[in-house]
Amino acid sequence: MTHPPICDYEGSDYQQRFWEQGGRAYEDGAEAVALRHLLPPQGGDLLLEIGAGAGRNTPRYRNYRRVVLLDYSRTQLRQAQERLGRSDRYIYVAADAYNMPFVDGLFDGATIIRVLHHMAEPLAVLQETRRVMRREGIFILEFASKRNLKAILRWLLRRQAWSPFTPEPVEFAPLNYDFHPRQVQAWLAEAGFTVENIRTVSHFRIGLLKRLVPARVLIALDALAQPTGRWWQLTPSVFVRARAQGLPEAAPDGVFFRCPSCGRALPETRPDLLACPHCGARWAIRDGIYDFKEPM
Ligand SMILES: C[S@@+](CC[C@H](N)C(=O)[O-])C[C@H]1O[C@@H](n2cnc3c(N)ncnc32)[C@H](O)[C@@H]1O
């Protein structure tokens, strides 16, 4: 199989442009509310944040003992490092979500927030997420929904050719997809997850409203509306809490990384690189970032 294309954020100023200068305090706050309600209150041991970017959401995982930030972009991880610092609590990993450098059953928690919409093969990423999680682990997934009110209205007014009600993804810009909520739930089931809760997010993502109403008011209103996601989903963003079922179970103690080239466990013997004793591939550790983008 040829590798699906990757939406590479290397060198991107996404965090500053989209979040800090992009007038998205409402969306950011609404996501914080959704995470607060969906994350298990008792927390956990080891959380994997897939497509962590510059670590915008990472401080919200405070109930987990350690967090692995995985992203394809080294520069996004550098920004995350600047924001969060270097400590044993955070592990920075540059790698591909389709082929993650971890042994089976390692994590008791995982999140994918604002990342699935870049995936040409979303089921493959969800299956890979299940592989690295242990049975009963909690997975929080955010996805962009094609069945949102604006798309429905545009379709009814014939301003948009694609139907918001059909299950296939819509690629509205290169490597940017909106998905149908029922299709995402079917993929989650196929990947080995059961859905426990759904919250709809960003009910009021309308330019005029955002200009007229303070963000904190919109966030409070969104918080009231989010639980309706259990019954219907008509927002542009949907959050799902799912639980990992079946195999794999938990990884044995003492193993963590696996070689992305040959898929076998990778011992940590040196501070500057990981050398695979099976296939010989060598992976750099630079300035606190494990680099699995390509072998040395
Ligand atoms: C829109 S940003 C979201 C960042 C962060 N989750 C947030 O919500 O602020 C998408 C991130 O997904 C990463 N990404 C895209 N494709 C990836 C892949 N195949 N493997 C790992 N990361 C990927 C990008 O590098 C980028 O940092």
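Which residue stands opposite A94 in β12? In this predicted model, the partner of A94 in β12 is D291. Strand β3, residues 90-94, runs parallel to strand β12, residues 289-291, and 3 bridges join the two.

Both strands belong to an open sheet of 10 strands, ordered β8-β9-β5-β4-β1-β2-β3-β12-β11-β10, with mixed pairing. β8 (193-201) and β10 (273-275) are the edge strands, each pairing on one side only. From one strand to the next, the twist averages 20°. Strands of a sheet pair through backbone hydrogen bonds, in either a parallel or an antiparallel manner.

Helix α3 (residues 74-84) lies across β2 (64-71), β3, β11 (282-286) and β12, and runs at about 170° to β3. Helix α6 (residues 181-191) also packs on the sheet, where α6 touches β5 (133-144), β8 and β9. The direction of α6 makes about 150° with that of β8.

Some backbone features stand out. Most residues other than glycine have a negative phi, and most peptide bonds are trans. R114, which is not a glycine, has a positive phi of about 55°. R114 is found in the loop between β4 (107-112) and α4 (122-132), and is buried, with a relative accessible area of 16%. E136, not a glycine either, has a positive phi of about 80°; E136 is found in strand β5 and is partly exposed at 41% relative accessibility. A cis peptide bond, with omega about 0°, joins L247 and P248, and P248 is placed in the loop between β9 and β10.

On the surface, L149, W231, W232 and L234 form a nonpolar patch with about 490 Å² of accessible area together. Of these residues, W232 lies in the loop between α8 (215-225) and β9 (237-244).

Technical notes. Residues numbered from 1 in each chain as written. Predicted model: local features only at pLDDT ≥ 70, side-chain atom pairs only at ≥ 80, totals over all residues. Heavy atoms only, no water. Patch = residues over 30% accessible without salt bridge, like charges linked within 9 Å, V, L, I, M, F, W, Y side chains within 5 Å. Areas by Shrake-Rupley, 256 points an atom, 1.4 Å probe, with all protein chains shown as cover. Salt bridge = Lys/Arg side-chain N within 4 Å of Asp/Glu carboxyl O. Helix = DSSP H or I, 4+ residues; strand = E, 2+ residues; numbered from the N terminus. Pairing = 2+ DSSP bridges. Axes fitted to C-alpha atoms, helices over the stretch in contact; angles between N-to-C directions. Contact = heavy atoms within 4.5 Å. Buried < 20%, exposed > 50% of the residue type's maximum accessible area, 1.4 Å probe, protein only.
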